[in-house]
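This report looks at the salt bridges of one protein model. The sequence and structure are shown first.

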Amino acid sequence: MASEHRTASGTSSEAKILETDRGRYVLRRLSGTAQARREYRISEALQGQDVCPEILRTRGGERWFEIEEICYNVQRFIEPAAGGAEVADHAELGSVAGKLHAGLRSETTDGQPDRFDLERKWQAFLSSGTKPILQDPLILRLEEQVQLCLSEREELTDRTCIHGDLGKWNLIFGSRGVRIIDFGEARLGDRHFDLAALLTSTTDALEDRAVQYLSAYIEGYSRYADGFDASALARHIRSWNVRGAVALLEHTGINERSARYAARMLEQSESWAQRLRF
């Protein structure tokens with residue numbers, strides 16, 4: 001016997017918790033067999049590393065299954081931390097990211113594109129009816145940062161398998177530590193992009209202890225993965241924050257709330273760049 005209910009974790013998989021006689025599992029809806037194949041390979045590469053939930057095979061040995069042409073997989077349920085806590089120390093956050101990248105060092109992907117490519121999102125924003133306000137100081141500042149990010153692309157040559165959307169929303173704060181979920185955006189990219197997403201979604205650069213948190217984060221990461229570059233992280237933090245601001249403005253238009261968010265993202269990027277010179 002089994003029952004199901006939705007889980008709040010993850011952003012794109014419509015995950016449901018299955019309550020069965022044998023325990024709890026997570027049922028995830030996937031975009032298709034390409035994602036199913038990609039996620040299973042990643043799960044296998046990270047097996048035993050305490051990074052992500054294990055993806056299970058069916059009784060017939062299949063790595064995923066289809067119902068009415070919709071693709072699913074099943075993962076082991078991660079027991080949440082007591083009290084529903086969603087705070088991890090930064091050394092642990094860095095460590096789980098280091099384990100992720102070390103485990104995926106030799107993993108390849110099927111060439112999945114970045115769905116939130118900055119250049120494409122910026123062009124979509126410019127053609128979304130915003131021309132009357134293109135001289136707004138915030139938009140001019142944002143455009144300058146967009147062009148800077150695009151000009152830096154050639155400098156970012158570290159191309160390995162990355163998570164692609166490693167924000168706090170794709171973490172589970174489990175009773176046995178932090179786990180990473182939802183590899184639907186996994187693709188070839190620079191590891192510092194993941195590091196930027198994880199750091200900025202869990203830490204405010206303006207906090208008094210930001211430098212201390214950053215130091216612990218880098219130390220935790222370097223324990224398991226080599227090749228950390230502070231300047232590359234600063235560039236990717238800018239890229240992550242700028243694309244987030246552009247995506248929001250393109251989606252919601254410019255209003256008081258979205259303008260405030262975009263300005264804050266730019267401020268955060270500048271603050272992290274200063275912190276990374278410590």
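How many salt bridges does the structure hold? The structure holds 16 salt bridges, each being a side-chain nitrogen of Lys or Arg within 4 Å of a carboxyl oxygen of Asp or Glu.

The model is predicted: local features need pLDDT of at least 70, side-chain atom pairs count only at pLDDT 80 or more, and totals for chains, interfaces and linings use all residues. Residues are numbered from 1 along each chain as its sequence is written, and side-chain values use heavy atoms, with hydrogens and water left out.

Three of the pairs are listed here with their closest N to O distances.

| Acid | Base | N to O distance |
|---|---|---|
| E19 | R24 | 3.9 Å |
| D182 | R28 | 3.2 Å |
| D204 | R264 | 2.5 Å |

Burial is stated by relative accessible area (buried under 20%, exposed over 50%, partly exposed in between; 1.4 Å probe, protein chains only).

In the bridge between D182 and R28, D182 lies in the loop between β8 (177-180) and β9 (187-189) and R28 in strand β3 (residues 23-30), so the contact ties together parts 154 residues apart in sequence. Strands (E, at least two residues) and helices (H or I, at least four) are DSSP runs numbered from the N terminus. D182 is buried at 5%, and R28 is buried at 3%.

D204 and R264 also form a salt bridge. Because D204 sits in the loop between α5 (191-202) and α6 (210-222) and R264 in helix α8 (residues 256-275), this pair ties together parts 60 residues apart in sequence. D204 is partly exposed at 24%, as is R264 at 36%.

E19, at 27%, is partly exposed, and R24 is partly exposed at 31%. Both belong to a network of salt bridges that also links E79.
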